[in-house]
Amino acid sequence: MKIFNTLSGEKENLAKPQERPLKLFVCGPTVYDSSHIGHARTYLTFDVFVRYLRSLGFKVFYLQNITDIDDKIIARAKETKKNPREIAGFFGKEYLKDMKKLGVNSVTKYARATGCVPEMTAQIQTLIRKNYAYKIEGDGIYFDISKFKDYGRLSKRTIAQAEDAVSRIDESAKKRNRGDFCLWKFWKKGEPFRETPLGKGRPGWHIEDTAITEKFFGPQYDIHGAAIDLKFPHHEAEIAQQESASGKKPMAKIWMHTGFLLVNNKKMSKSLKNFITIKEFLKKYPPEVLRWLVLSHHYRSPLNFSWKLAEEAKTSLGRINDFLLKLNCVAGVKKRKIGARRILKQLEKEFHKAMADDFNTPLALSHLFKLTLKFQEKIWSMGNVETRALKNQVESALKILGIKLKPPKIPNKIRQLVKRRELLRANKQFVQADNLRKKVLMLGYSIEDTPHGPFVRLSR
């Protein structure tokens, strides 16, 4: 399998580690608000990525942090007149509930930042000892980016360009370099704090990730994943901290970044009223729709979300579900063979080839659709052995993608109308039968007449 490595700018082979699990770390959320569909895009992507690796026989230790101490949490606590721990505790639980509803179950360990302060303290002490960090009295302890010559390697920036950035770079008039970032923030009245050898205070945003990964993985591991907006300065800071502290390179062999998610061509923002939380999405559509929508775009490409796109994803899933239901109608019927095995084998090969080429899920989904279209007209002529093989292949692919489709519940009223229509057709009362078909359609269901009887589905 080949994965595009942001660090090298090339696709690289992902070799299966010998005698140990592959180590994957993905940046988790800062829990100060409800998680949105941009978060969902990243976490659904890596959920399927891990599912696929495990289907290939990889053992994967998937680690994700939860930032439960941060400036944003403190600001939200002040706005709502609540305790920061209360804010972080509430939204941390909400995040895990959202992931459960989305079917994200591949994470091996969620590590909260507040549970790893001793490891952060130790790493900062090492950086001070090695002269990579300095203290500003009454402010905090900062990392000196001029001491780390590789700073900017991931984002392809020079140190001078790094200083031009203002995105979550800690501000202080006393910093040596504008791009220097805070490792430890000294306590200020009204803020939460921890008593440590560094003094009373709390960690900076960047240090938590490297302390957590070093605790569980050591100073080096296989893959670091996250959304593209974290590439700079967050990931540059992680590399600078970890490699300076350990003296080992690279911190992570492969860096995977998911693309931006826009809403109607604009960045999500509450002020623009285009901010969509996971909960809001799930009020309108089942979780499988969001998963399909995400996977129908390459993980590195921008995703321009619209409700029309969600409707298209729902329709696509409906067609696949209809196909599986039709296969159930045919199962058990002995018919002639139509040579499906050879076609199934070829399309399965193409599905896995797409997944193995930089996790190309849109191409993999197109092969899955190609499979259903290939047999759409032939389905009623297939034998039970071929039908089972086809059903198993489609369901196997869906399982890898984390999609479990359920047959829609057909109300008893609709079933009775369909039964009456069949009796009318048997008695050649076709006008009355057609009227019943129209009535069923008005109630939200359609009827397809097949050699195996009426096939009833939700009308789209």
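**Reading the terms off the model**

User: Three strands form an open sheet in the order 13-12-14, with mixed pairing; which are its edge strands, and what makes them edges?

Analyst: The edge strands are strand 13 (266-267) and strand 14 (303-305), since each of them pairs on one side only. Please keep in mind that this is a predicted model, in which local features need pLDDT of at least 70 and side-chain atom pairs count only at pLDDT 80 or more, whereas totals for chains, interfaces and linings use all residues. Residues are numbered from 1 along each chain as its sequence is written, and side-chain values use heavy atoms, with hydrogens and water left out.

User: How do you know that strand 12 and strand 13 pair?

Analyst: Two strands count as paired if DSSP finds at least two bridges between them. Strand 12 (residues 261-263) and strand 13 share two bridges in the antiparallel sense, so the condition is met. Within these strands, L262 stands opposite K267 of strand 13.

User: What makes something a helix or a strand here, and how many of each does the chain have?

Analyst: Both are DSSP runs numbered from the N terminus, a helix being H or I over at least four residues and a strand being E over at least two. Counted in this way, the chain has 15 helices and 16 strands.

User: What is the strand order of the parallel open sheet, and which strands form its edges?

Analyst: Its five strands follow the order 5-4-3-10-11, and the pairing is parallel. Strand 5 (109-112) and strand 11 (252-258) are the edges, each pairing on one side only, and neighbouring strands are turned by 25° against each other on average, direction ignored. Strand 4 (residues 60-66) pairs with strand 5 over four bridges, and L63 stands opposite K109 in strand 5. As a general matter, strands of a sheet pair through backbone hydrogen bonds, either parallel or antiparallel.

User: Where is there a hairpin, and what lies in its turn?

Analyst: Strand 1 and strand 2 form the hairpin, with four residues between them, and G9 in the turn has a positive phi of about 75°. Strand 1 (residues 2-5) and strand 2 (residues 10-13) pair in the antiparallel sense over four bridges, with K11 in strand 2 as the bridge partner of F4.

User: Why is helix 6 called largely enclosed by the rest of the structure?

Analyst: A residue is buried when its relative accessible area is under 20% (exposed is over 50%, partly exposed in between, with a 1.4 Å probe and protein chains only). Eight of the 11 residues of helix 6 (residues 207-217) are buried, so the helix is largely enclosed; among them are I207, D209, I212 and F217. Helix 6 lies across strand 3 (22-26), strand 4, strand 5 and strand 10 (221-227), and G218, which follows this helix, has a positive phi near 90°. Over the chain of 460 residues, buried ones make up 52%.

User: Is H235 buried or exposed, and what joins its side chain to that of H257?

Analyst: H235, found in helix 7 (residues 231-246), has a relative accessible area of 0% and is therefore buried. A polar contact is a pair of N or O atoms within 3.5 Å (within protein, one must be able to donate a hydrogen and the other to accept it, and residues adjacent in sequence count only if both atoms are side-chain atoms). The side chains of H235 and H257 are joined by such a contact of 2.9 Å.

User: Why are helix 9 and helix 10 described by the angle word they are given?

Analyst: Angles run from 0 to 180 degrees between N-to-C directions, with axes fitted to C-alpha atoms, for helices over the stretch in contact. Under 35 degrees counts as roughly parallel, over 145 as roughly antiparallel, 65 to 115 as roughly perpendicular and the rest as oblique. Helix 9 (residues 287-295) and helix 10 (residues 307-330) pack at about 105°, with axes 9 Å apart, and are therefore roughly perpendicular. Their contact (heavy atoms within 4.5 Å) includes W292 of helix 9 and L317 of helix 10.

User: How do helix 1 and helix 9 cross, and what makes up their contact?

Analyst: The axes of helix 1 (residues 37-55) and helix 9 come within 9 Å and cross at roughly 80°, which makes helix 1 roughly perpendicular to helix 9. The contact includes L44 and R51 of helix 1 and L290 and V294 of helix 9, and its residues divide into seven nonpolar, one polar and four charged. Here Ala, Val, Leu, Ile, Met, Phe, Trp, Tyr, Cys and Pro count as nonpolar, Asp, Glu, Lys and Arg as charged, and the others, Gly among them, as polar.
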